[in-house]
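User: I should like to go through the terms used for this structure and see how each one is justified. Please begin with strand pairing and then turn to the empty spaces.

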Amino acid sequence: MVHYIQEHLGNVLRDCGERIRLLKTVTEYDSLSTKLKSELISNMLEASFANVPDVVAPFLDSEPDLWVDGRALEIKTARTPHTWRGGEYSKRESDYLMVSYDDSDDGWKWFVLHTYLKESDWKSSGSSSYYATTIDMNHIIENTPYTILVGD
């Protein structure tokens with residue numbers, strides 16, 4: 001799966017970049033919250049991957065973000081290059097693309113890492129009022145096999 005994704009990732013990121021450029025022409029993009037931007041970028045990545053042969057993007061919360069040749073693949077996006085968040089009850093044991101982006105100027109910078117995560121890899125907030133779980137780069141590097149597909 002990793003090699004297949006890597007083979008198509010350049011085109012996917014270019015297509016996603018075009019989608020974002022279009023979004024910026026019809027919205028006040030800079031006024032959107034980082035959380036909303038990350039959600040939109042994740043959805044655009046799913047849509048861009050849907051154009052790749054043998055990839056299905058169901059666009060349903062009850063399904064993985066993508067099916068790649070029958071295998072589940074989740075996408076997590078964040079503006080930070082070291083920490084990703086997700087819902088307390090939505091962690092699936094699966095392959096993941098951990099995507100970070102830098103949208104601070106007109107040229108986008110991407111970081112994409114592939115790894116396999118279990119529910120236990122995600123750290124609960126421990127708060128009754130904040131539901132998100134997190135995972136950071138150090139945990140991935142120290143505890144899971146991973147492949148950096150874009151960036152360093």
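Analyst: This is a predicted model. In it, V68 has R71 of strand 3 as its bridge partner.

User: What makes strand 2 and strand 3 a pair?

Analyst: Pairing requires at least two bridges between the strands. Three bridges join strand 2, residues 66–68, to strand 3, and the two run antiparallel. The criterion is therefore met. Two residues lie between these strands in their hairpin, where D69 takes a positive phi near 50°.

User: How do you know that strand 3 also pairs with strand 5, and in which direction do they run?

Analyst: Six bridges join strand 3 to strand 5, against a requirement of at least two, so these strands pair as well. They run parallel. Within strand 5, L97 is the bridge partner of I75.

User: Why is strand 3 described as largely enclosed?

Analyst: A residue is buried when its relative accessible area is under 20%. Six of the eight residues of strand 3 are buried, so the strand is largely enclosed by the rest of the structure.

User: What makes a space a cavity, as opposed to a pocket?

Analyst: In a cavity a 1.4 Å probe fits but cannot get out, whereas a pocket is open. The search of the whole structure finds one cavity of 30 Å³ or more. The largest cavity holds about 40 Å³ of space, and its lining consists of L9, L13, L45, F49, I75, L97, V99 and V112. Helix 1 (2–26), helix 2 and strand 5 each supply at least two of the lining residues.

User: Why is no residue in the lining of the largest cavity classed as polar or charged?

Analyst: Leu, Phe, Ile and Val count as nonpolar. The lining is made up of L9, L13, L45, F49, I75, L97, V99 and V112, so the classes come to eight nonpolar, no polar and no charged residues.

User: What lines the largest pocket, and which classes are present?

Analyst: The largest pocket has about 950 Å³ of space. Its lining comprises 31 residues, with E39, K76, R85, G86 and G87 nearest the centre. Helix 2 (34–49), strand 3 (71–78) and strand 4 (83–86) are the elements giving two or more residues; helix 2 provides the largest share, seven residues. By class there are 10 nonpolar, 10 polar and 11 charged residues.

User: What is the volume of the second largest pocket, and how does its lining divide?

Analyst: The volume is about 170 Å³. The lining, which includes W110, F111 and D152, divides into five nonpolar, two polar and four charged residues.

Definitions and conventions:
Residues numbered from 1 in each chain as written. Predicted model: local features only at pLDDT ≥ 70, side-chain atom pairs only at ≥ 80, totals over all residues. Heavy atoms only, no water. 1 Å grid on protein atoms, 1.4 Å probe; cavity = no way out; pocket = protein on both sides within 12 Å on 5 of 7 lines; lining within 4 Å. Points joined across faces, edges and corners; volume = space filled by probe spheres on them. Helix = DSSP H or I, 4+ residues; strand = E, 2+ residues; numbered from the N terminus. Buried < 20%, exposed > 50% of the residue type's maximum accessible area, 1.4 Å probe, protein only.
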